[in-house]
Structure formats: structure tokens, C-alpha cells
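Q: Got a minute to go through this one with me? Let's start with the charged pairs.

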Amino acid sequence: MAKAKTDLIKLVIVESPAKARKIGGYLGDGYVVEASVGHIRDLPQRAADIPKEYKKIAWAKEGVDIENDFAPLYVINPDKRAKVAELQALMKNAEELILATDEDREGEAIAWHLVEVLQPKVPIKRMVFNEITKEAIQEAVENTRDLDYHLIDAQETRRVLDRLFGYRLSPVLWKKVMPRISAGRVQSVATRLIVEKERERMAFISSAWWDLAAVTALGFNARLLEVDGKRVAATSDFGADGAVKEKSLSNILLLDEAGARGLVESLKATPLTVKSMEESPRTERPKPPFTTSTMQQDAGSRLGWGAQITMRIAQRLYENGYITYMRTDSVNLSAQAIDAARKAAKSLYGADHVADAPRTYLGKTKNAQEAHEAIRPAGETFKTPGELAPELSRDEFALYDLIWKRTVASQMADAKKMQMRVDFDAQTNDGKATIFRANGSVITFAGFLAAYDDIVTDENKDEETEDKRLPAMTLGQTVKVNEYTCEGHETKPPARYTEPTLVKKLEELGIGRPSTFASIIQTIQDRPCI
DNA sequence: CAGTGAGCGAGCTTCCGCTTGACTT
């Protein structure tokens, strides 16, 4: 019996199974949506992957014929043979092949590889979209384009370069250093960053200095700023090597313990006199929604998670439909997501806490591909963390909560702060003129901080950023001092990288991709050591 | 003559990036 016309389907191929299910629901009858589950073909990884007819060819193991215009040898990934067979079977009933892989360099290449492998005899269309809503998908399927061979060539070049660099350099290391270690465009830079940081720490020479504080009867402290017109050394006068900066050398007073104790002695309980006061308003803008890298950084600092744990939890949230795709370098939200964030902010924190106009953010990542949205709660209205608490595990809840807050905060109003600075005169009993300074900062309008607090880390705890209210004072007023205290400080070497701070650095340098940040860290730790 | 040990040669390791399960540690 001849096949009825209605048996023919339009085959749509995306990269991720979760995406396939969702899009399948939006496209409906006549469409079959399948996932390639990532790349289906690659250069041979090992000798066993090389087809019989290429086994004797010298360059086959490297997978690149450098004598012949760097022609690559592609083989089906061993774990994708069943998937390819499945797609080939579906093609038999297809009247059209629609390639809906991600709109980035790798996605375009996956689409091309699919065409090369499936060899369709039916029309081929390339469909792209940046958000998964019914409207966006409908529009995308009606406005298809052709494959972009510039992008495909760019991907092939990247692939060949990485292969030649990594597969030629690594064997040199086996011979000269030890077996099984490796080198590559990404991992070698990551390793070098860590080595350089360690060298900085080794070259670091710790300097000691002392400072003074006046503990006032009004409940605030003021720290010593000047003695006889000379500024007392502060953290910012020391360079990365731990020594006093060149330009600070001549004009600062570096107090040692004896000097500090002498000043305490000579000040006794001298009151402070208000010399000047200054108030300056500050506004603070919310941060953009999460990318893979910033999510890893925040989960690291707030939840104490490594990059891989964060990604595993995020993957579960994504597969169960709670968040959008978790491997992204984009800070953009869809129009519907912006709307949802603003509605959530309005109902929970009030209309005055929502930004006047929808906020859009510019990504600052080098080489960003922006094939996906930022990481955000899924759906056209965001379920609050509280609503989802019963169905999420403890870790899933913690990460969803972070994503929800960051997304909602990104559409909220600026926070307003008032910073206060009061300088005081005090005279030592041996006639030295000293100036003390008190800083205060008050949040006058929480804005986005109502949803997403600034985090206090060990590094910024000492700075004058905390919410500290100073009492009202007038010029010339004297303030009673309970006691003067002094304290010794040491400059600290630059901190070692943590997993998230290394990811941040790599991203700044344009090295690695959202799908590989976690595995880079794994690789440089897994390789054998001497 | 069977079992053992030294010596030799062959084959393997490895890159980066895109995706999930199916496997063991």
C-alpha cells in the first residue's frame, strides 16, 4: 500500500531533549521534534575510532590532513550511532528537515553535520530562536533561513586549531615530563593563571603598620587620618607586592607600634571637635540576571558550592521545567520574562520598588554567543521560591531561590544610600594636630536590595560599606571620647583563586565556554602530578 | 621438557565543545 500523504512529517532537530519536548508541544501535528543530544560527529578521539579505510593513513589519528588544506576527518561519535540511526529512520517519512540547533557557532556546525550525515533528499531549513514561547517558535518556523557557512567554517577552524595544539603538545609533555598529562588552548592558560597567582603570593612581602581609633561616647568610632598635616597610611597605600607604593612613600606617615602607642598616650581622653561634615547620596544599580559564569560565582560565594555541583543542580531544575537553560553567556531576558519579573517585584515589594522602565543589560563577556536567554525562572509568570518549596530538594530550592531573586532584582529600582563623612580635630598634649574621620552610610531606599542583598565577604567587611548611621552633629561640637585604641595591621598576599573566581577570570579573558567552565577545573585537577 | 625471566616491541595516553543518560567507583 502506498503511503498516504498525511503520513509525511516535518522533522525538526534541536540539541536538547528537554527543548524537544517543549517545542513539540508548541508545533503540534505534522511536526516531529527530536534532539541530536549535542554534537553527533567529531574528529576521531582515539585509534579505535578511525574507520578501516583510514587506518593506514598517517594523519588519521590526528584527524587533520595538514598537507591537504587542513581537511578534517569526521567520524560519528561512538555513543551517537543509535541516535543517528534513529534520525535516519525518521528521515524516511520526512518531507522537510528543519534544523533548529542553537543559534551559535557550535549549533550551526551541529546543523551542518546533521545535513552531512543524513544526506536529505527533501528541502532543508534552518530555524533559530532565542526564547521558547509558543509565539517565538511559531514565528521562527515561518521565518527560516539557510545554513551560515561562515559560522560553520569558524567552528571547523576552532576545532582543528584546538586539536592540533592539544594533540601535538601533549605527547611532547609525555616524553619530557610524564605520561598522561596534557596541554591545550584552555587548560594550559587556566593552569598558568594559578601558577602566576602563586608566584605573586611567593613574591609578596608583608608590611606592618599601625593605626588609631577614637571610641566616642556617641557610639561610633573615628579613625586617625592625619598627624600634623601628614596622612596616616591606609590599605590603599600598599601595592600588590605588599610594599608601600612608590607615590605614597614621601607623603604618608607609617606608624609603628611605639608611634601608635605614643599617640594614644598623648591623646588620653581629649575630646573630638567637629571640623567638617559631608553628606553625599549614592545610588546602586542591580546586577544583570545570571549567566552560567555569574551563577557559578554567586553559588560559590553564597552557598559554598563548586562549579560542578552548581551545574548538576541547575541541570535538574532545567529538566524539570523550573528554570531556563543553564549554559548561557547572555544577560538578556525575553519581553515576557521582564514582564514576569516586574509583576513579581510589584506584588511582593510594591510598585515604588520596580524600575521605572524595563531594564536591559549589556553583556560584557568577550566572544559572547548569546544563543540563549539569561538563566531565570521558567514560564510566563515566575513561581515564588515559597510556592515551589514543597516539590524541590533543599539544594534545588537554594539555587532556585538565588536565581529567582537575582532575576526579579534585575528589574527593580536602584537602591539609594546616603554616605556621611565627618572630620574631627584633636590636639595631643604635646601639641600635635590630629584629624580623625568617621564614615557612615545609610540605606534611604532599599529598591532592589529588598530582593537581593549585597553579600558581605571577608574581603569587603572591613571597608566602610556597611550600614552605619552617624548621629546628628553640628560644626564645632565637641564629642566625648571614651578611649583611644591602636591596632596593628599586616598587608595580606593576593588571595588564591577559588573555582568561581577562576571561572570569572577565564570568562573575562574569553577562554572557555559556559558548557566547559566546570570541566576545565576538573581537568586541571585530575591530571597526574609529579 | 616445562616453567621462568629477561628483553623487546607495540599500543595507549591527549585537545575543546555540544548534549544526556548508562555505566561503574
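Q: How many salt bridges does a search of the whole structure find?
A: The search finds 30. Keep in mind that this is a predicted model.

Q: What does Arg185 pair with?
A: Asp162. Their side chains form a salt bridge at 2.5 Å, N to O. Arg185 sits in the loop between α5 and α6 (187-203) and Asp162 in helix α5, so the pair ties together parts 23 residues apart in sequence.

Q: Is Asp162 buried or exposed?
A: Buried, at 18% relative accessibility. Arg185 is partly exposed, at 40%.

Q: And Arg437, what's its partner?
A: Asp423, with 2.7 Å from N to O. Arg437 is in strand β15 and Asp423 in strand β14, so this salt bridge links parts 14 residues apart in sequence. Both residues are buried.

Q: Which residues do shared salt-bridge partners join into one network?
A: Glu106, Arg158, Asp162 and Arg185.

Q: Switching to the DNA. Which residues come nearest to strand B?
A: Ser16, Gln187, Tyr325, Ser515 and Arg527, out of 40 around the strand.

Q: What does the side chain of Arg513 reach?
A: One of its polar atoms lies 3.2 Å from a phosphate oxygen of DNA strand B. Gln315 also has a side-chain N or O atom 3.3 Å from a phosphate oxygen there. Tyr167 has a polar side-chain atom 3.4 Å from a base nitrogen.

Q: Which element gives the most to the surface near strand B?
A: α5, with nine residues.

Q: What's the mix of classes on that surface?
A: Eleven nonpolar, 14 polar and 15 charged residues.

Notes. Residues numbered from 1 in each chain as written. Chains lettered and ligands numbered in written order. Predicted model: local features only at pLDDT ≥ 70, side-chain atom pairs only at ≥ 80, totals over all residues. Heavy atoms only, no water. Near = heavy atom within 4 Å. Polar contact = N/O pair within 3.5 Å; in protein donor to acceptor, adjacent residues only side chain to side chain. Helix = DSSP H or I, 4+ residues; strand = E, 2+ residues; numbered from the N terminus. Nonpolar A, V, L, I, M, F, W, Y, C, P; charged D, E, K, R; others polar. Salt bridge = Lys/Arg side-chain N within 4 Å of Asp/Glu carboxyl O. Buried < 20%, exposed > 50% of the residue type's maximum accessible area, 1.4 Å probe, protein only.
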